[in-house]
Amino acid sequence: QGSIGHSDAPLHSRQTYLVQLPDKFDLNPRKMSEYHRPDATKIQALNDMAFQLRIDSVRATTASNSGHPTSCSSAAEIMSVLFFNNMRYKISEPRDPASDRFVMSKGHAAPILYAAWAEAGLFPASDLLNLRKIDSDLEGHPTPRLNFVDVATGSLGQGLSCACGMAYTTKYFDKSSCRVFTLMGDGEVSEGSVWEAAAFASYYKLDNLVAIVDVNRLGQSQAAPLEHDMETFKKRWEAFGFTTYVVDGHNVEELCKVLSESAVVEGKPTAIMAKTFKGKYFLDMEDKVQFHGKPMGANTDKLIAHLQAMMSNKGPTNLSPQPVTDTVPTVCLKNIKLKSPPNFTIGEKVATRTAYGTGLARLDSDRIVGLDGDTKNSTFSDKFMKEHPDRFIECFIAEQNLVGVGIGCATRDRMVAFCSTFAAFFTRAFDQIRMGAISQTNCNFAGSHAGISIGEDGPSQMALEDLAMFRAVAGSTVFYPSDAVSCERAVEICANTKGICFIRTGRSAHPVIYKNDEVFSIGSAKVVRQSANDVITVIGAGITLAEALVAADKLGADGISIRVVDPFTIKPLDVATIVSCAKATGGRILTVEDHYADGGIGDAVSAGVSKESGITVHRLAVSGVPRSGPSGALLDMFGISASAIEKTIRNII
């Protein structure tokens, strides 16, 4: 061991430092004997490739007049060794499910990721000059618009969770030997989500996962908290159960060695702390914070000439990816059905959260994976766990990681993921969810304990913002089933729907209103009560639909008929049915929701009918922060109970 120096000396004269190995780790002696030190020619070629990746990154960011070339430079040797010595992947099929995965968690270093694929031969290096242009998919941070990107990154601290989902899928579902690598910056490991993921990886013994931390010392505006305190980095990752290495991140031979050795560590994930320097070899810009996110501008030609002078061979390196040697099963994620229709009796009282569990357990596919955050006996995902224990992942109380793992499981169309917890707790993972939309994920989310109707648990457990949150997500589908039959069908539809899906479920039981053979579809509402004499259209969902039907009976006893509509999906909303019902009921609509007024059913309906003349939308919703109390008393207190609906309608008419 020795402290890794900050040196501008020529590569051939730089001091070689021993790799810092962990005290204990399990190695397979047979596999260990297969490691061969790359010869001098390949070592030099990898060094040259690192400089070429720097040059490509400088050219691309100069062409776009934006980007992060210094952040790319600190990772150059890491990327060279990964892509041209250790990773197994196909240029002809970047998303080959048997290939190794790579997640660029420090997404602002996207130019060097693009450069690696260009130098590997996926597309011409000249295309790198289109970085960040509006007609180019080489965006400022990686997105799956590119066929070599599995998940969008750039909102820092999320890559490791997604990588965990990929690693879990390849290890336990695909039974594959492929490996998953993620490259993080030292600044982003301040994010709590990183340590949620680290705990997960260790708990599930993801020995096919390699987390690399580019410890370049500097953040965006100042030094990162630990700067180059490599011993503390090492101790932290060891404390989370990782096999750890500390290396000179600009020494390709050390990187080759630890990456090869990490392949034979068993029972533990690997963390490699690579000591690097931001802007390495960038003349007087090296290790200086003020050059973060700055293209080289007028210094570009001088810098490129300097970098080229450090290369032994400026021509083709003859480096190529390692071949893919594994195979994975062919899977089909289409036309997933319930094994049998729902089996409920009209009038039977069943909570929709219970129906979520029964529906999930009865999906007829061995590629469904259920995930939960230690609420499975409340969300009833434990029904799935009991039926399919090998396809259930307990993520414990770490919702950000729960979402990231689910998104990772769903990549490359290997699994259909359903993540469940209390709907309120998804709010802390909103950034992961919105990044999932950018990642084009097909991950599904089920949030239970919606609204004040959960009762005595109080406001911290009551989801009152979840509809607004999921409606705001690009391309999302938002289900709000009102009975057990529609909830099971919502689960079935989610399994076959592209994009993010959210199912809102309730704690309390209320009557089944649909026959078991009722057909449901996205964007199609159900008119559950109507007559020719209806004076108003009432729109509710879940508990408020049940309350609306009680109000309808009370009003009907006095000769007042109302139309009751179940929207089924809040996004997309069946505007045509709602408008038709409104016009048939004097242009009057009343929305009732167990949700705050902003962003929920009332907002969705108001927006939907906004271009129609002669329609007035009245709204009942939860106003203000609620409190603990019996469910019925809370519905009355906040004006969304059957009696409140009845009173409001009498006032309107």
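A nonpolar core is taken here as a set of buried Ala, Val, Leu, Ile, Met, Phe, Trp, Tyr and Cys residues joined through side-chain atoms within 4.5 Å, where buried means under 20% relative accessible area, exposed over 50%, and partly exposed in between (1.4 Å probe, protein chains only). The structure is a predicted model, in which local features need pLDDT of at least 70 and side-chain atom pairs count only at pLDDT 80 or more, while totals for chains, interfaces and linings use all residues. Residues are numbered from 1 along each chain as its sequence is written, and side-chain values use heavy atoms, with hydrogens and water left out.

The largest nonpolar core holds 79 residues, and Trp237, Ile393, Phe426 and Phe445 have the most contacts inside it. Helix H6 (residues 159–173) gives this core its largest share, 8 residues. Apart from this core there is another, of 52 residues, including Ala120, Leu146, Leu255 and Val265. Back in the largest core, setting aside residues up to four places away in sequence, Ile393 touches Tyr168, Phe173, Phe200, Tyr204, Val369, Gly370, Leu371, Asp372 and Cys409 (contact means heavy atoms within 4.5 Å).

As for the chain overall, there are 22 helices and 19 strands, read as DSSP runs (helices H or I, at least four residues; strands E, at least two) and numbered from the N terminus. The radius of gyration is 28 Å, close to the 26 Å that the globule rule gives for 653 residues, so the chain is as compact as a globular protein of that length; the radius is taken over C-alpha atoms, and the rule is 2.2 Å times the number of residues to the power 0.38. The C-alpha trace spans about 95 × 55 × 45 Å along its principal axes. Of the 653 residues, 61% are buried. Among contacts with a separation of 6 or more, 79% join residues 24 or more positions apart.

One buried polar spot is worth a look. His449 sits in the loop between strand E10 (444–448) and helix H16 (466–471), and counts as buried because its relative accessible area is 2%. Beyond neighbours within four places in sequence, His449 is in contact with Arg353, Ser378, Phe422, Ile454, Gln461, Met462, Ala463, Thr505 and Arg507.

Then there is helix H22 (residues 642–652), where Ala642, Ala644, Ile645, Glu646, Thr648 and Ile649 are buried. These buried residues of H22 pack against strand E15 (537–539), helix H18 (543–557), strand E18 (588–596) and strand E19 (616–622).
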